[in-house]
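Me: Hi! Could you walk me through a few side-chain details of this one?

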Amino acid sequence: MAEKITYAHQKSLAKLPIPSLQETIKTFVANLSLLQSPSANAVTKSVAAAFLEKEGPKLQILLEEYDAEPGRASYIEEFWSDAYLAPDASVVLNLNPFFLLESGPDTKSSNSQTGRAASLVFSSLKFISVLKSEQLPPDKVRGDVPLCMDQFRYIFGSARIPVKGKTDFVVTDVKATHVAVLYKSIPYYFRAMNDDGSVGVDEEGIKKILEAIMNDANFVHSHDGIKHHDTHHDTHSGDDDIATSGVQSQFEASVGVLTTMDRTSWAETREALVRHSPEHNTGVLRIIDSALFVLALDDYTPTDIHDAASNCLHGTYQLSERKNKNGADYQSGTCINRWYDKLQLIVCKDGSAGVNFEHSAIDGHTALRFVSDIFADTVVRFAQSITKTIYGQKNVVPNLLDASVKVNQMDVDSVNDSDNKVFDSTPKRLKFNMEAGIIRKIFCAETALGDEILASEVHVLEFSRYGKGFIVGNKMSPDSFVQMSIILAYYRLYGKTVNAYEPVLTKKFLHGRTEAMRSLTPKAAKFCETWNSKFSSTSDKMLALCEATTEHSAQVKKCSLGLGIDRHLYSLKCIADMHNIDTPLFKDEGWKELNHTVLSTSNCGNPSLRLFGFGPVVPDGFGVGYIIRDNGLQYTICSKHRQTKRFANTLESFLMEFKKLTGSGRKVSVAAHRSTISGSIAQHVLKHEHEEKEREATTTETTTTTAKSRTNHNNNNNNNNNNNNNNNNNDHDYLENFDDLYGENMAIAEGRISHESETEIERTSVISPRSVVKGMAKRRTSIDMTLLEKTGIELGGGGGGGM
C-alpha cells in the first residue's frame, strides 16, 4: 500500500505565534492615524495607552493560557471560525467568493455544457479519490516549505448548517459518494464513487447522466404547475428513479434559494421544512448536505465577461412571463439555481465554468488548489488523447491525478434487491414535501435576493499591456504594486484614503489561515498625495511608488510570519468576552474604524483562472479580487450603489500612466532587410542595388556573370577548390545547401531591429530562415561577388557566401 503523504507534515508544523502586545498596540495606533482626524486619534491613543496599563496584560496572559491548552492547534482558529459562522447576513455577496475558469483545452467538449461539466466532474472525482487515499501531494511554498492541509478535510461532503438561536456550524460526511446537481432549480443526485474511495463513473457515463437530468428537468418545466402525487413522493430516501417520479412545480422545487436568506430566516424555514415532513424532508436535506459538491447547470449563456463574473458571484436576475395567483412575476434567473451552503461547480450553456464556495471552513488558497488540479487534469487528459494516437497505449504524458477508476455497470434487475449491493449511478430527482407557508418563503427569499442583485454591480478590468514581468523589471513587488493601484484609484475618485484590507496566507503554521494586511501605510498615503499633485516630477512619483511598495512588501512578510495585529486584537476581544472583562479599547471609535474595510482586496489565481472575485464587506465598500499574470492584470470589482466602472477606469488610467513614465520597454518592429556586411562595403551594397535595377533587362547574362565571379572568388580563397556546382543557380540547390548558406557568415540581417519603423508588433515574429532563402532563390538575385572583389574586402570564413 502506498505511503500516505497528504497530511504527513502536519505534526511538524509550528503553532501560530502570539505577537507582542506592545508591538500590536503600537501598530494599531499608527494605522489609525491615517484614518482618523487628529482629535479622534488622540482619543484612541489615550485609550490604547490605558489598555496597555490595565486590561491588556491580563488578556494577553489569558490568551497565552488558552493557546497552551492540550489539543489546541491555534489560538485564533475557534475565534476565526465563529467570525465567519456567527454573522446573520446572507452568505451571497457578503461571504462566498467565486472563480471563473479559463476555457477548456478541448474545444469540442469545452463549448458543450454537458461535455465541459462531465470533464470537470470526472476530474473532481479523481481529485477527491486521491485526497481520500491521502496521496494528494501537500501544498508547499518556495519548493520545500510545507503548508497546513487541514482545510482539505472540510472541502468535500461538507455543508454550512443554520441553527435557530445559535451559531451556524459546518458538517462533513467523510463517507459521501454522491454528487448533487441543480438544473432549472430542480435538485438531483447520482452516485459517483465506490465505498473504497475509487471513482465509480467515467467521463462518458457522467455526460449521459447529465443529459438524462436535463431531459427530465425540461419535461418538468414544460409541465410546470402540474403535480402528480404517487407513492414515490412519500419515500424519505429520495431514491426514486427520475423516470418514475411525479412532477413538481419548478418554482416549488427552488428550495436552494432559501440558502440566500439571512441565517436566522433560513434556520427558521429549514426547521419548518423538517417539521412539515420530518422523515421525508430531513432525508432530502441530508442527501444535499452530504453531497461531495453541487453541480449547478445554468440554462444561460453570459453576454460578456462582466456578466460571466456576475453569474458566478450571485447568479442572474430574470423575470419570467408567468405570474403567480397574486399577479406577481416569477424569478427564472440562475440566482435560484444555487445551493450557497456548499462548494458549487457552475457550468453554463456555452461551456463556460466557474466555482462558488462557502468560505467559513476553507480559504481561497485551498479552493484554488482544487480548481487548479482539476483544470490541469483536463489538460493532461486532452494531451493524452493526442499522444495516444501517436504512441499507442504508451502513456507518454503522466497522470496528474493518479486516481483509481472502477466503472461499474448497473444490473437493472437487481436495483431493488436489498441483499445485492449494486453500484447504482442512476440519477434521481429530489422533491421536498411543501406547505403554503414554505412556498411563500421561497418567493420572498427570491425577491430579497433580487434586490441585492440589482443593488450590486460587477465590473471586470482585464489589463493586457503588461503584468508581473514588467513590474518586477521595475524593481517592485507585483502584489504591492497592484495594492497601490487600488488605493490610488479610490484617492483620485474621492480625494481621500480609506481603510484597505488584504489577506496574507499563514498556512505555514498548524491550522493557519490568513492574517490581515492593512495596505494603507504612511508611505502609501504619501504615494497617493505625490501622484495626485501637479507639482510632482516623474522622479518624485517613481520614488514615492517604490517606497510605498517596499513598505507594503515588508508588512506582508511580517504578516506571513504571524506577526500582524488584526487576528491578535480580535482574539484578545474574544478572550475579554469569554471572561466578561470590560475593555474600553474595543468600544473606541478607532476599533470600529479599523473594522470598517472600504477596500476589501485579495490576490488569488494562476493560469487556470480567468477571474476571481467577491462582494464588498461593507455597504459603502468595494470588493476587489485580482489575478497577477506574467503579461497582464485581472481585476474583478464589485460594489453596491457605487461607481464601479468609473473606479475601474480610474484604476486603468494609473496603470497606463505608470507605463508611460517608465517607458514601454523594448518594442519589436518590422524593419526592411539590411545586409550585416559592415564598414567600407555598405555604400557599395547600396550602389549595387541601384545598378541591379539597370541590369534587369539582361537578367540571364547577369546571372551567368555573377555565378562565374562567385566561382573565381571561391577558388582564390580556398586554393583550387573547384566547386563548379555553384553555376547551377536554381531553387533546389539553394534549399539543399541551406546549412552552408545560413551559417555565421551569412550576410543577411539576423535580428536587426529598427525602432523608427511605423509598423510595431507586440510579440516577436520569427521568420523561418528557410523561407528567406527560398524567397531569394525564386528571385534569382544575389550580391554581385565581382563587386565585392573590387572592394578588396574578404568575407570572413571559408564556406559562406553573401546573398
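Reply: Sure, we can go through aromatic rings, cysteines and a buried spot. This is a predicted model, where local features need pLDDT of at least 70, side-chain atom pairs count only at pLDDT 80 or more, and totals for chains, interfaces and linings use all residues. Residues are numbered from 1 along each chain as its sequence is written, and side-chain values use heavy atoms, with hydrogens and water left out.

Me: How many aromatic pairs does the structure hold?
Reply: There are 27, counting rings of Phe, Tyr and Trp (its six-membered ring) with centres within 6.5 Å; planes under 30 degrees apart are stacked, over 60 edge-to-face and the rest tilted. F99 and F357 make a tilted pair, 5.6 Å centre to centre with 45° between the planes. That pair links distant parts of the chain, 258 residues apart.

Me: Is F99 buried or exposed?
Reply: F99 is buried, at 0% relative accessibility; buried means under 20% relative accessible area, exposed over 50%, partly exposed in between (1.4 Å probe, protein chains only). F357 is buried too, at 1%.

Me: Switching topic, how many disulfides are there?
Reply: Zero, with a disulfide being a pair of cysteine sulfur atoms within 2.5 Å.

Me: Why is C348 without a bond?
Reply: Its closest cysteine sulfur, in C312, is 6.4 Å away, so that is too far for a bond. C348 is buried, at 3%.

Me: And which residues does D373 touch?
Reply: D373 touches F127, L136, L400 and L401, not counting residues up to four places away in sequence; contact means heavy atoms within 4.5 Å. D373 counts as buried, at 11% relative accessibility.

Key
Helix = DSSP H or I, 4+ residues; strand = E, 2+ residues; numbered from the N terminus.
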